[in-house]
Amino acid sequence: MAHAIVPFPEVCTGCRLCEMVCSVWHEDVFNTTKSRIRITKKGVRLDVPIVCTQGNACEQECAAVCPVDCIRVVEGTAIEVVEDECTGCEACIEACPFDCIWMKEDLATKCDLCHGDPMCVKFCPIQAVQYLDGSEGGVSEKWTEARRLSGGD
Amino acid sequence: MKGYGGSILHVDLGTGTISKEALPDEMVKKYLGGAGFAVRLLYDRSQPKHDAFDPSNPLIVTPGLFDGFGVPTGGKVVFCTKSPLTGLIGDSVMGGSIGSELKHAGYDALVITGRAKEPSYLLIDNDDVEIKDASDLWGSTVPVTAETVKEREGDVKVASIGPAGENLVRYACVDCDDRQAGRAGVGAVMGSKNLKAIAVRGTKDLVPHDPKALLDLSLEYIDKMTESSAYESDTKYGTGEFLEWINADRGVFPTRNWREGMFDERKEIDPYHWAPIYMKKNKACFSCSKPCGRLFTIDEGKFAGLAIDGIEYETLYSLGGVCGTGDIETVAKGNEICDYEGMDTISAGDAIGFAMDLYENGILTREETGGMDLNFGNSDAELRLLEMIAKREGLGDILADGVKMAAERIGKGADKYAVHVKGMEPPAYDVRGIKGMALAFMTSTRGACHLRTCAYALELTGKFWKFKDVDRFSSEGKGEEITDMEDLVVLYDALGVCKFSRGYFFAEGFTDVLKAVTGAEISEEELLTTGERINNLKQLYNLREGMTRQDYVLPEKITSVPIPEGESKGHLVTVEEMDKMLEDYFIARGWGPNSVPTREKLNELGIDF
């Protein structure tokens, strides 16, 4: 299985630096509504990173349902949205079992691992997001746990 | 303009008028943002000498310049108004995300005036601004208010007050994301406006001048931070990390309403003791990679279910040492009451310590305390009194006015026990053993404060920045030291950077980040001049509100009673030392001996007044 960004909500501090640097690295602007990682906060207890499993904990439902096949590996191992081809139909958003694809204006957006050197991980010395091999023991459960904690089913 | 939202938003809650103006270039150039914008707007938009609770008193919210730009520890926002505690400028800084959100909505400043007829909250949804009914929220705690507004309005960031703000407790705070603009009573002014909450949704881009350079600089700071020796201990134990050192090695931990400089029963309130037991994980301010906060929970016993973001060093002092309480669960519960009711833990604890001192000295009788035995260390009484202050019940009503006014109301010589400067209760540094800090308490424009200079660290370690071999017991050379520290430290509040990162994120580093954010090339020297300008304008505001040289005075406990035990034993600040330090300070500032900035100084700084 591929490397991916793995959430560790039990240490996430809720600072949201990951969201900010994600948007500026990809878009050259700060705008967390364009980020490919989001922190769900609930009360004082919960801060949960929500980010794509890269197929480690899902069946790549997004790619399967995309009517124009624009969600695929382009280089390296990241499954990404090819923006030039995306029609903004939102089918992938509906299909994603982890709710980690969002609309960025008219197009879908999701984690592309910053071409193998993810910014969010660099900006998280507390290690609430880590860049790990998804096939390692116990890793795939982390996304499921994050999904559950953030209020998903 | 790169780095800014571009507008100032004005809301008059009385008339319902909402207007926007373009952010003036002049203001950007001279005042940067955050605390700089706040004082400029306070000076320009206030009616001189109006009471803090007069509807005309503006409540101003200004994000720091770096807020929203992913700068590590750079997510601070300023709440500023005329303080009901001091009658002077009350600017309070917090690490909640509402500042960044305001910028994303297009605003570098929010100026709220007037008083709503009914309890209300303000909804700012990018360009759309609406005053909405909050009658059903009145009386709700801070977390309930925030959650309810979020349920109603969707994805918004919320700053809110609790019952203490509604009840005009003069040190009520404003909360956002479990972070507080704690000091000086900004929450009481919000309450006086019938304003329960401010909800903001901002989805516009913030465009940095040089995104690549900014990311690289920010990463550099993360590395410097994590490599620094303090990173591990600060994140593990938080701001209270040095509690044992302050007590045992320096003897300046004010205890039992400043009777002592060392707390004998401190073992349990030391984070080295409690963090491993009660801390579940770190919590951070918005945009901070050095999380000094912590999720503190109590899972069993009479406080089971408690969950707070804390406990900060200052709270270990105010709800611990000052009240003679060595029980960490009591301090945690008190912290929770303050957070839920929405009041400053420092002033609240100081007010209770003051009352305990009065009780033990026979000035407050059991009848006046409502039958409570108010001896130091009575945990139940402390917690009960916190609730009574928030609700302004009985003795709580008197203490809700702060120790200065409370002493006036109580009479019978109570003022001898009231520890404050300019009406503000002090933080956790016994300045009898830190002379420079004693001066800083007096010169701080918002009254007794550690964060207008951060000179405690410099004095207690003897070195920082350009200073070395500083003697904390000496009153020599403190005028220049405090002047320079004030002008440096106010830059953190203008840029929105945490002062807890000043060990590695510093004036010379600000220039590079500033250029990457805005494109402007400003030298370190110009930055420090900006700091001086901001501080001079704060002084002008205070003078206009009636402050005089006579207000520069330390409480009697500091000038006449020496620290009885420990490493600072025998030390106090004599009236002669006090006056000498002040004289030096006014000279260093280029002000007259009456604390008034000279015309030459104001012209040199280019301050319009």
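**Reading chain A, its contact with chain B, and the sheets of chain B**

Modeller: Chain A has five helices and eight strands. The model is a predicted one.

Colleague: In what order do the elements of chain A run from the N terminus on?

Modeller: The order is β-α-β-β-α-β-β-α-β-β-α-β-α. The radius of gyration of chain A is 14 Å, close to the 15 Å that the globule rule gives for 153 residues, so chain A is as compact as a globular protein of that length. Its C-alpha trace spans about 40 × 35 × 30 Å along the principal axes.

Colleague: What percentage of the residues of chain A count as buried?

Modeller: Of its 153 residues, 48% count as buried. As for contacts in chain A with a separation of 6 or more, 66% of them come from residues 24 or more positions apart.

Colleague: How many residues does the contact take from chain A and from chain B?

Modeller: Chain A contributes 23 residues and chain B 32 residues. On the side of chain A, helix 1 (residues 17-27) gives the most, with five residues. By class, that side has 13 nonpolar, five polar and five charged residues.

Colleague: How should one read a sheet, and what is the order of the six strands in chain B?

Modeller: In general, strands of a sheet pair through backbone hydrogen bonds, either parallel or antiparallel. In chain B, six strands form an open sheet in the order 2-1-6-3-4-5, with mixed pairing. Strand 2 (17-22) and strand 5 (89-94) of chain B stand at the edges with a single partner strand each, so one side of each is left without a neighbour in the sheet. Neighbouring strands of this sheet are turned by 15 degrees against each other on average, direction ignored.

Colleague: Within that sheet, in which sense do strand 3 and strand 6 of chain B pair?

Modeller: Strand 3 (residues 59-63) and strand 6 (residues 107-113) of chain B pair in the antiparallel sense, over three bridges. B:L59 stands opposite B:I112 in strand 6 of chain B.

Colleague: What is the order of the open sheet of three strands in chain B?

Modeller: Its order is 13-14-15, with antiparallel pairing. Strand 13 (279-283) and strand 15 (306-309) of chain B are the edge strands, each having a single partner strand. The twist averages 20 degrees from one strand to the next. Strand 13 is joined to strand 14 (residues 293-298) of chain B by four bridges, and B:N282 stands opposite B:R294 in strand 14 of chain B.

Colleague: Which helices lie across these strands?

Modeller: Helix 10 (residues 271-278) of chain B lies across strand 13 and strand 14, at about 65 degrees to strand 14 of chain B. Helix 12 (residues 328-341) of chain B lies across strand 14 and strand 15, at about 70 degrees to strand 15 of chain B.

Notes:
Residues numbered from 1 in each chain as written. Chains lettered and ligands numbered in written order. Predicted model: local features only at pLDDT ≥ 70, side-chain atom pairs only at ≥ 80, totals over all residues. Pairing = 2+ DSSP bridges. Helix = DSSP H or I, 4+ residues; strand = E, 2+ residues; numbered from the N terminus. Axes fitted to C-alpha atoms, helices over the stretch in contact; angles between N-to-C directions. Contact = placed C-beta atoms within 7 Å. Nonpolar A, V, L, I, M, F, W, Y, C, P; charged D, E, K, R; others polar. Rg over C-alpha atoms; globule rule 2.2 N^0.38 Å. Buried ≥ 20, exposed ≤ 12 C-beta atoms within 10 Å, placed from the backbone.
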